[in-house]
Amino acid sequence: MTINNSRRVIVIGSGPAGAATAWKLIKNGIPVTMLDSGFHYPSGLLLRMGGVNLFRRTGTEGYVDDEDEYIPEDGGDPEICWWTNHNPGGLSNQWTGAVPRFAPEDFYEGGALHEKYVWPVTYDDVAPYYPAIEKLMHVSGTDQPAHQLPAGYVSSKRTLDQDWAPLIKSAEQTGQSLIPLPLADGPDWYMVKRGTAFNSFSVMVEPLMSSPLFEFIDGAHALELEWSDLKNKVTGLVYHNRRTGLQERLEADAFVVACGQLASTKLLFASKSAAFPNGLGNNHDVLGRYLHDHVKEWFSFEIDQPLSVLAPSAYVTRRPYGQDHPLLAASWTLGMPSQSAKFARLIGRKSNRFAVQLFTTSIPRHDRGQQPHPTLKDKLGQPLVRLTFSFDDAEVQNVHDSRQHLIDLFERAGIQVKLDDIFFQIFPGLSIHYGGTIRMHRDPQYGVLDQWNRVYEAPNVLVTDASAFTTGPEKNPTLTMMALAMRAADKLTEDLKTG
């Protein structure tokens with residue numbers, strides 16, 4: 001089926017951002033054609049009993065470090081990586097499901113350093129879109145606000161066992177909170193043939209298939225957005241049909257780019273024309289700049305007195321704003337060091353061993369990012385991505401300080417900690433939380449996109465994945481990315497209906 005409608009929107013990518021954009025557009029009565037590069041549909045198995053994930057096998061088809069797509073540049077970290085999944089649902093096929101909201105300060109905290117770090121939207125702009133996504137995700141967690149973390153809508157309420165009270169009090173003494181991690185977890189009793197409770201394709205895109213307004217094309221790898229000087233806008237999309245090996249073309253009134261961070265940027269660089277010789281929307285040399293990422297560390301530890309098993313995980317919120325250097329923060333996710341330990345939760349067992357996933361932040365800079373390689377090409381004949389990014393001394397030190405801060409929280413609660421293994425070397429890409437490079441800003445000097453995710457110089461093109469992020473707080477990005485996508489879809493609907 002091919003939709004023939006003058007208000008058609010092409011959405012590129014069925015990951016969380018593309019799914020949220022398409023879902024909202026269809027609800028608004030706007031016809032959508034969605035393209036996805038992959039054709040291996042979500043697979044795996046997830047079994048939940050009593051709110052505990054007892055078994056989880058993710059579908060790994062297409063989940064790779066795209067080493068054939070990029071090269072590290074001199075001056076950047078040679079270990080840098082770029083993990084992707086070129087299949088329906090994207091990286092939500094492997095997602096752990098953490099969904100904290102951003103706090104109001106996360107949108108403007110960077111202004112203490114420079115105006116280029118202030119988002120063009122506020123928490124109040126984004127907040128109305130959070131609940132719809134949280135309901136779709138069947139979020140579990142606390143419904144009470146925490147320090148530096150607004151409360152969200154939860155379908156399944158969680159609390160920590162009473163023996164964690166001394167740790168909760170210790171966190172409160174530093175202006176932080178220890179709470180159940182907000183998770184897109186699904187119902188307490190649950191079995192699905194996919195590796196995650198929430199998969200954007202399974203939960204949001206597949207239900208759209210019955211709509212006469214929706215068309216889905218798989219195996220379609222976007223190559224170029226075509227600019228028309230005559231119409232002064234983008235009018236077409238060229239894509240590689242992975243099933244036939246041929247190039248094909250589609251036209252639409254508007255285009256939503258949600259290919260996944262770095263891939264979306266690559267597409268805009270490839271979309272050259274006389275009007276945009278350096279890539280679509282790049283006449284201010286901002287495209288590909290200001291890349292940021294979470295610095296990730298995973299470690300385990302042993303304590304001198306047992307505590308109730310954490311399943312699902314617990315979450316320590318960041319230190320109060322103003323105590324940390326602007327844009328250098330941390331969050332701590334506490335859980336069990338092995339899947340088998342989670343069985344103990346069902347029979348009320350306790351444990352002396354726990355694990356931590358530590359996320360700290362990096363500061364977006366103009367010299368951090370991606371650019372197309374001048375000579376080397378990928379298998380489809382497009383320039384390889386050049387990545388220039390390494391964490392600086394202050395960002396690495398923030399990891400060490402934050403690890404010690406967590407140990408101090410335990411010891412202030414009267415619990416001695418013995419640190420075990422640190423499992424990951426620190427390098428960019430490990431968290432799979434890249435952001436920036438097609439950033440939003442009120443000033444085109446510092447952003448490719450306006451406050452509605454529209455390309456300033458080509459406003460019928462929107463970018464709704466994490467490429468649009470102005471900065472990256474310590475919180476997982478998916479929920480806010482989807483909220484921004486829905487907000488952008490509402491504005492696009494208004495634009496299309498009013499002309």
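A salt bridge is a side-chain nitrogen of Lys or Arg within 4 Å of a carboxyl oxygen of Asp or Glu. The model is predicted, and for this reason local features need pLDDT of at least 70 and side-chain atom pairs count only at pLDDT 80 or more, while totals for chains, interfaces and linings use all residues. Residues are numbered from 1 along each chain as its sequence is written, and side-chain values use heavy atoms, with hydrogens and water left out.

A search of the whole structure finds 33 salt bridges. Among them are the following pairs.

| Acidic residue | Basic residue | Closest N and O atoms |
|---|---|---|
| Asp143 | Lys157 | 3.0 Å |
| Glu302 | Arg353 | 3.8 Å |
| Asp324 | Arg318 | 3.7 Å |

Asp143 and Lys157 form a salt bridge. This pair links distant parts of the chain, 14 residues apart: Asp143 lies in the loop between strand 8 (139-141) and strand 9 (156-157), and Lys157 in strand 9. Strands (E, at least two residues) are DSSP runs numbered from the N terminus. Accessibility is classed as buried under 20% relative accessible area, exposed over 50% and partly exposed in between, with a 1.4 Å probe and protein chains only. Asp143 counts as partly exposed because its relative accessibility is 30%, whereas Lys157, at 61%, counts as exposed.

Glu302 forms a salt bridge with Arg353. Here too distant parts of the chain are linked, Glu302 in strand 18 (residues 295-308) and Arg353 in strand 21 (residues 350-360) being 51 residues apart. Glu302 is partly exposed at 32% relative accessibility, and Arg353 is partly exposed at 35%.

Asp324 and Arg318 are both buried. Salt bridges that share partners join Asp106, Glu109, Arg318, Arg319, Asp324, Glu474 and Lys475 into one network.

Note on methods: Helices (H or I, at least four residues) and strands (E, at least two) are DSSP runs, numbered from the N terminus.
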